[in-house]
Amino acid sequence: MAYDDQNIFAKILRAEAPAFKVYEDEFSLAFMDVMPQVDGHTLVIPKDATENLHEADPEILGLTIVNVQKVAAAVKKAFDSPGIMIAQLNGKAAGQTVFHLHFHILPRKDGLDASMHAREMADFTLLEDHAARIRAAL
Ligand code: 5GP
């Protein structure tokens, strides 16, 4: 399938849609998931127009995963989280809903379940507060 540049993350990258940004460099962007599965649910995406892992340029993928590591450490610190789950879905059959490569960073605590897909939009004031906490921990 050809990359669809009308997907929501492509729009965020072009500043055509808003996002609660956490970190940005030449290669990638990190921002809050608008329908978080848990508090602190953050996404990291490459700026490259890439649909999924299989199609990613290995060099860009390497730079992106280094930023996943960096942002995950900040999320862990900001949310005082003993566990961090990294999730990455490829293809509709795997549950991918936005067809621009992305890594989910999810704080996890024992006994607190995170469903695979949240359906409720979070409060924007809360998301900005969470983004600020993560930025401060970077
Ligand atoms: P996937 O199911 O493709 O692995 O994950 C897509 C993620 O994007 C979901 O967790 C969903 O909540 C999130 N999402 C969908 N639309 C938007 C949006 O407009 N802004 C942000 N920040 N996240 C979104």
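Select His-104 in this predicted model; the residue lies in strand β5, which covers residues 103-108. Is His-104 buried or exposed? Its relative accessibility is 7%, and because buried means under 20% relative accessible area, His-104 counts as buried.

**Around His-104**

Next, display the side chain of His-41 together with that of His-104. A polar contact of 2.8 Å joins these two side chains. Leaving aside neighbours within four places in sequence, the residues in contact with His-104 include Gln-37, His-41, Thr-42 and Leu-43. Met-85, Ile-86 and Ala-87 are also in contact with His-104, as is Asp-33, the next stop.

**Asp-33**

Select Asp-33, in the loop that runs between β2 (28-32) and β3 (42-46). With a relative accessibility of 12%, Asp-33 counts as buried. Which backbone atom does the side chain of Asp-33 reach? The partner is the backbone nitrogen of Met-35, at 2.9 Å.

Now show the residues that Asp-33 touches, not counting those up to four places away in sequence. They are His-41, Thr-42, Leu-43, His-104 and Leu-127. His-41, Thr-42 and Leu-43 can be left on display from the previous stop, since they are also listed among the contacts of His-104.**Glu-120 and the Met-35 region**

Keep Met-35 visible and select Glu-120, which is found in the loop between β5 and α3 (124-137). Glu-120 counts as exposed, at 64% relative accessibility. How far apart are the C-alpha atoms of Glu-120 and Met-35? The separation is 5.4 Å, although the two residues are 85 residues apart along the chain. Apart from residues up to four places away in sequence, Glu-120 touches Val-34, Met-35 and Pro-36.

**Ala-19 and Ala-15**

Move to the loop between α1 (8-13) and β1 (21-24), and select Ala-19. Ala-19 is partly exposed, with a relative accessible area of 27%. Not counting residues up to four places away in sequence, Ala-19 touches Ile-12 and Phe-31. Add Glu-128 to the selection: its C-alpha atom is 9.2 Å from that of Ala-19, and their positions lie 109 residues apart along the chain as a sequence separation.

Ala-15 is also found in the loop between α1 and β1. Its relative accessible area of 63% makes Ala-15 exposed. The backbone deserves a look here: phi of Ala-15 is near 60°, a positive value in a residue other than glycine.

**Asp-80**

A further positive phi is found at Asp-80, where the angle is near 45°, again in a residue other than glycine. Select Asp-80 in the loop between α2 (58-78) and β4 (83-87). Is Asp-80 buried or exposed? At 63% relative accessibility, Asp-80 counts as exposed.

**Val-66**

Follow helix α2 to Val-66, which lies in that helix. Val-66 is partly exposed, with a relative accessible area of 48%. The C-alpha atom of Val-66 is 12 Å from that of Ile-45, and the two residues are 21 residues apart along the chain.

**The whole chain**

Finally, clear the selection and colour the chain by secondary structure. How many helices and strands does the protein chain have? There are three helices and five strands. From the N terminus on, these elements follow the order α-β-β-β-α-β-β-α. The radius of gyration of the protein chain is 14 Å, close to the 14 Å that the globule rule gives for 138 residues, so the chain is as compact as a globular protein of that length.

To frame the view, note that the C-alpha atoms fill a box of roughly 40 × 30 × 25 Å along the principal axes. Of the 138 residues, 43% count as buried. Among contacts with a separation of 6 or more, 63% involve residues 24 or more positions apart.

Switch to a surface display for the last stop. The protein chain exposes about 7,500 Å², of which carbon and sulfur atoms supply 55%. Colouring by charge brings up 13 positive and 20 negative charges, whose mean positions are 4 Å apart.

Terms used: Residues are numbered from 1 along each chain as its sequence is written. This is a predicted model: local features need pLDDT of at least 70, side-chain atom pairs count only at pLDDT 80 or more; totals for chains, interfaces and linings use all residues. Side-chain values use heavy atoms; hydrogens and water are left out. Helices (H or I, at least four residues) and strands (E, at least two) are DSSP runs, numbered from the N terminus. The radius of gyration is taken over C-alpha atoms; the globule rule is 2.2 Å times the number of residues to the power 0.38. Buried means under 20% relative accessible area, exposed over 50%, partly exposed in between (1.4 Å probe, protein chains only). Contact means heavy atoms within 4.5 Å. Accessible areas come from the Shrake-Rupley method with a 1.4 Å probe; for residues, only the protein chains shown count as cover. Lys and Arg count as positive and Asp and Glu as negative; His and the chain ends are not counted. The place of a charge is taken as NZ of Lys, CZ of Arg, CG of Asp or CD of Glu. A polar contact is a pair of N or O atoms within 3.5 Å; within protein, one must be able to donate a hydrogen and the other to accept it, and residues adjacent in sequence count only if both atoms are side-chain atoms.
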